[in-house]
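Subject: Structure handover

Hello,

I am passing on the structure we discussed. My notes on it follow below.

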Amino acid sequence: MEYSETTIFITGQAKPGKDDAITSVYQTFSLSLFVDTDTDRIVNLACNTVMEETEAFIRCLLVGRSLTEELPEMVDQLQRRFFGMSQKTLIAALKDVHNRYLTIYPEKRRG
């Protein structure tokens, strides 16, 4: 996949629960987003899930959404549709990415 000049790569992390398979394989959960800084939209993502299908489903839920405007909606989608053991970890990593993005681009903060 090719990305435009306005696309950045940004990663958020969270610590999974001790019973999560991610812990035994990776110790930490990473959610990497490719974000178009002109629109703040997520254009692709990668994460260190154990199964490829899990990453594909997360991609389905998050790609196309605005990182600055749709965080509550993304969290809601994850709470309503993603019931993997890493649900809370995934949400924490998403919030970490959101916070990092706003640290890099403080002018994009609401209000």
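At what angle do the axes of helix 3 and helix 4 cross? The model is a predicted one, and in it the axes of helix 3 (residues 71-81) and helix 4 (residues 87-104) cross at roughly 165 degrees, coming within 10 Å. An angle over 145 degrees counts as roughly antiparallel, and helix 3 and helix 4 are therefore roughly antiparallel to each other. The crossing of helix 3 past helix 4 is right-handed. On the helix 3 side, the contact is made by Leu 71, Met 74, Val 75, Leu 78 and Gln 79. Helix 4 contributes Gln 87, Leu 90, Ile 91, Leu 94, Lys 95 and His 98. By class, the residues of this contact between helix 3 and helix 4 are seven nonpolar, three polar and one charged.

Helix 3 also meets helix 2 (residues 52-62), again with axes that come within 10 Å, and here the crossing angle is roughly 140 degrees. Roughly antiparallel would require an angle over 145 degrees; helix 2 and helix 3 are therefore oblique to each other. Helix 2 passes helix 3 in a right-handed crossing. Phe 57, Leu 61 and Leu 62 of helix 2 are in contact with Met 74, Gln 77, Leu 78 and Arg 81 of helix 3. The contact of helix 2 with helix 3 comprises five nonpolar residues, one polar and one charged. Met 74 and Leu 78 of helix 3 appear in the contact with helix 2 and also in the contact with helix 4.

Now the sheet. It is open, has three strands in the order 1-2-3, and its pairing is antiparallel. Strand 1 (7-14) and strand 3 (41-47) are the edge strands, each pairing on one side only. From one strand to the next, the twist averages 25 degrees.

Strand 2 (residues 29-36) pairs with strand 3 over six bridges, in the antiparallel sense. Among the bridge partners, Ser 32 is matched with Ala 46 of strand 3, and Phe 34 with Asn 44 of strand 3. The hairpin of strand 2 and strand 3 has four residues between the strands, and Asp 40 in this hairpin takes a positive phi near 65 degrees.

Asp 40 comes up once more under salt bridges, of which the structure holds six. What is the partner of Asp 40 in its salt bridge? Asp 40 forms the salt bridge with Lys 108, and the closest N and O atoms are 2.8 Å apart. This pair links distant parts of the chain: Asp 40 lies in the loop between strand 2 and strand 3, whereas Lys 108 lies in the segment after helix 4, 68 residues apart.

Regards

How values were computed:
Residues numbered from 1 in each chain as written. Predicted model: local features only at pLDDT ≥ 70, side-chain atom pairs only at ≥ 80, totals over all residues. Heavy atoms only, no water. Axes fitted to C-alpha atoms, helices over the stretch in contact; angles between N-to-C directions. Helix = DSSP H or I, 4+ residues; strand = E, 2+ residues; numbered from the N terminus. Parallel < 35°, antiparallel > 145°, perpendicular 65-115°, else oblique. Left-handed = near helix turned anticlockwise from the far one by under 90°. Contact = heavy atoms within 4.5 Å. Nonpolar A, V, L, I, M, F, W, Y, C, P; charged D, E, K, R; others polar. Pairing = 2+ DSSP bridges. Salt bridge = Lys/Arg side-chain N within 4 Å of Asp/Glu carboxyl O.
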